[in-house]
Amino acid sequence: MFSKVMSDSTANSPPIFPGNATLLLLFKISEKKKQKFSEISSGIDEADVLIRKMDLEARSLQPGVKATLLAKLREYKVDLNKLKKEFKRISSPNANQAAHDELLASGMADVNSVISLDS
């Protein structure tokens, strides 16, 4: 192993360590996670704007239709607020354990087992 590291470092290339593959994998996962969080956040914002627009429009309608639509919009608002809370929980810094549990539940490999395989 030492000779491999030495020969790689003398060839003006970065040394190859067993953990590099794991770090690269974690970096890629982190970047994908950030991208998905951004997409979800944008989607939640769009849904919020649409619900506000629908609310304004519904308030300008006839009383019979207005009541029905406003009741439905209240349901949408409740659902959206649940999604916001869940997204906030998952995207918070303390969500590592929740994310770990979700990965295990989905059948994906445990990061710790990947690290131990590379070592």
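## Starting with a cut-off

A residue is called buried when its relative accessible area is under 20%, exposed when that value is over 50%, and partly exposed in between. Keep that in mind as you look at the structure, which is a predicted model.

## The chain as a whole

So what is the chain built from? You'll find five helices and zero strands. If you walk along from the N terminus, the elements run α-α-α-α-α.

Of the 119 residues in the chain, 12% are buried. The accessible surface adds up to about 9,300 Å², and carbon and sulfur atoms account for 62% of that. As for contacts, take those with a separation of 6 or more: 46% of them link residues that are 24 or more positions apart.

## Leu26 and its patch

Now zoom in on helix α2, which covers residues 20-59 and includes Leu26. Is Leu26 buried, exposed or partly exposed? Its relative accessibility is 32%, so Leu26 counts as partly exposed.

Leu26 also has company: together with Leu23 and Ile29, Leu26 forms a nonpolar patch on the surface. The accessible area of these three residues together is about 250 Å².

## Asp55, further along

Stay in helix α2 and you'll come to Asp55. Here the relative accessibility is 12%, and therefore Asp55 counts as buried.

Which residues does Asp55 touch, leaving aside those up to four places away in sequence? They are Leu70, Leu73 and Lys77.

So helix α2 holds both Leu26 and Asp55, with Leu26 partly exposed because its relative accessibility is 32% and Asp55 buried because its value is 12%.

How values were computed:
Residues numbered from 1 in each chain as written. Predicted model: local features only at pLDDT ≥ 70, side-chain atom pairs only at ≥ 80, totals over all residues. Heavy atoms only, no water. Patch = residues over 30% accessible without salt bridge, like charges linked within 9 Å, V, L, I, M, F, W, Y side chains within 5 Å. Areas by Shrake-Rupley, 256 points an atom, 1.4 Å probe, with all protein chains shown as cover. Salt bridge = Lys/Arg side-chain N within 4 Å of Asp/Glu carboxyl O. Helix = DSSP H or I, 4+ residues; strand = E, 2+ residues; numbered from the N terminus. Buried < 20%, exposed > 50% of the residue type's maximum accessible area, 1.4 Å probe, protein only. Contact = heavy atoms within 4.5 Å.
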